[in-house]
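Have your viewer ready, with a cartoon view switched on and a selection box at hand. We will go from stop to stop, and each time I will suggest what to pick and tell you what is there.

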Amino acid sequence: MSRHLNAGRKLGRNTGHRKALLRNLVRSVILSESIRTTTAKAKETRRVVEKLVTKARVGTLAARRLVHRTVRDQAALAKLFETIAPRFKTRPGGYTRLIHLQNRPGDNAPMAILEFVEKTPKGEEPAEKPKEPGEEKKAAGKKPEEKKRAGKKGAKTKPAEGGGDQGASETAEKKPAKQKKAKKETAEPEK
């Protein structure tokens, strides 16, 4: 039998695993604008990314929904439509390039870097950072609730078992209290 109309590489995976792999690689390419992977994976990812950028250039809601089928991450979707697609508005295709590297030492697999042809200028990067203070405001809104909970428990608060971030958050809550006491002590001798 011939391989007529069987385009694409199987990458040694079943259909679901292959689709998940390509979605993750596409997401990584969009967010970081450059990835290092095997040449076969890079070539397959390139096919998907090129089609998504072409759809994103249209900029309509229907195009956004079509791209959302593959890119299930809101941050990647926003970056694709707001920064990457406008950058390639006049370019008819060929949005990515493959740079071949030395073979991987462990298994001698051919490696490559997949990146966008035009990179984001440094002036555009801070446009994404205002989203973080909004998240901090949400976290700041939750902190008074945590203080109320800590106030209800009183001084009998036990340290969290198992380590991790839980213990760090309790020590973080204790540090501001010590700083407040230090300020009060410095204020009292002045009277």
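Which helices each supply at least two residues of the lining of the second largest pocket? Select helix 1, helix 2 (39–58) and helix 3 (61–70): each of them does so. Please keep in mind along the way that this is a predicted model.

**Stop 1: the pocket**

Keep those helices on screen and show the pocket itself. About 540 Å³ of space lies in this second largest pocket. Its lining comes to 21 residues, and K19, L22, E44, R47 and V48 are the ones that lie nearest its centre. Show these as sticks, then colour the whole lining by residue class: you should get 6 nonpolar, 4 polar and 11 charged residues. If you plan to draw a surface here, one general point helps: rolling a probe the size of a water molecule over the atoms shows where empty space is left.

**Stop 2: the whole chain**

Zoom out now and colour by secondary structure. The chain has 6 helices and 3 strands, and reading along the sequence gives the pattern α-β-α-α-α-β-β-α-α. Of its 191 residues, 25% count as buried. If you like contact maps, take the contacts with a separation of 6 or more: residues 24 or more positions apart account for 58% of them.

**Stop 3: the sheet**

Next, select the strands. In what order do the 3 strands lie in the open sheet? The order is 1-3-2, with antiparallel pairing. The edges are strand 1 (34–38) and strand 2 (96–100), each of which pairs on one side only. From one strand to the next, the twist averages 25°. Helix 1 (residues 15–32) packs on this sheet, where it touches strand 1 and strand 3; the direction of helix 1 makes about 145° with that of strand 1.

As a general reminder, strands of a sheet pair through backbone hydrogen bonds, either parallel or antiparallel. Turn on the backbone atoms and go through the pairs here. Strand 1 and strand 3 run antiparallel and are joined by 5 bridges. Strand 2 also pairs with strand 3 (residues 111–116) in the antiparallel sense, over 5 bridges.

Pick A112 in strand 3 and look to each side. T37 has A112 as its bridge partner, and H100 stands opposite A112 as well. Then step along to I113 in strand 3, which stands opposite I99.

Is strand 3 largely enclosed or open? Colour by accessibility: 5 of the 6 residues of strand 3 are buried, so this strand is largely enclosed by the rest of the structure.

**Stop 4: two residues of helix 2**

Go back to helix 2 and select T39, which belongs to this helix. T39 counts as buried because its relative accessibility is 9%, below the 20% cut-off. Leaving aside neighbours within four places in sequence, T39 is in contact with H100, P110, M111 and A112. You have already met two of these at the sheet: H100 and A112, which stand opposite each other.

Now slide along the same helix to K55, also found in helix 2. Is K55 buried or partly exposed? With 36% relative accessibility, K55 counts as partly exposed. Apart from neighbours within four places in sequence, the contacts of K55 are A63, L66 and V67. Draw a distance from K55 to V67: the two are 12 residues apart in sequence, and their C-alpha atoms are 7.1 Å apart in space.

**Stop 5: two positive phi angles**

For the last stop, open a Ramachandran plot and look for residues other than glycine with positive phi. One of them is L5, where phi is about 65°. L5 is found in the segment before helix 1, and at 88% relative accessibility it counts as exposed.

Select E33 next. Its phi is near 65°, again a positive value in a residue other than glycine. Where does E33 sit? Its place is in the loop between helix 1 and strand 1. E33 is buried, with a relative accessible area of 7%. Put the two residues on screen together to finish the tour: L5 counts as exposed, whereas E33 is buried.

Notes: Residues are numbered from 1 along each chain as its sequence is written. This is a predicted model: local features need pLDDT of at least 70, side-chain atom pairs count only at pLDDT 80 or more; totals for chains, interfaces and linings use all residues. Side-chain values use heavy atoms; hydrogens and water are left out. Two strands pair if DSSP finds at least two bridges between them. Helices (H or I, at least four residues) and strands (E, at least two) are DSSP runs, numbered from the N terminus. Axes are lines fitted to C-alpha atoms, for helices over the stretch in contact, and angles run from 0 to 180 degrees between N-to-C directions. Contact means heavy atoms within 4.5 Å. On a 1 Å grid over the protein atoms alone, a cavity is a set of points where a 1.4 Å probe fits but cannot get out, and a pocket is an open set with protein on both sides within 12 Å along at least five of seven lines; lining residues have an atom within 4 Å of a point. Grid points are joined across faces, edges and corners, and a volume is the space filled by probe spheres set on the points. Ala, Val, Leu, Ile, Met, Phe, Trp, Tyr, Cys and Pro count as nonpolar, Asp, Glu, Lys and Arg as charged, and the others, Gly among them, as polar. Buried means under 20% relative accessible area, exposed over 50%, partly exposed in between (1.4 Å probe, protein chains only).
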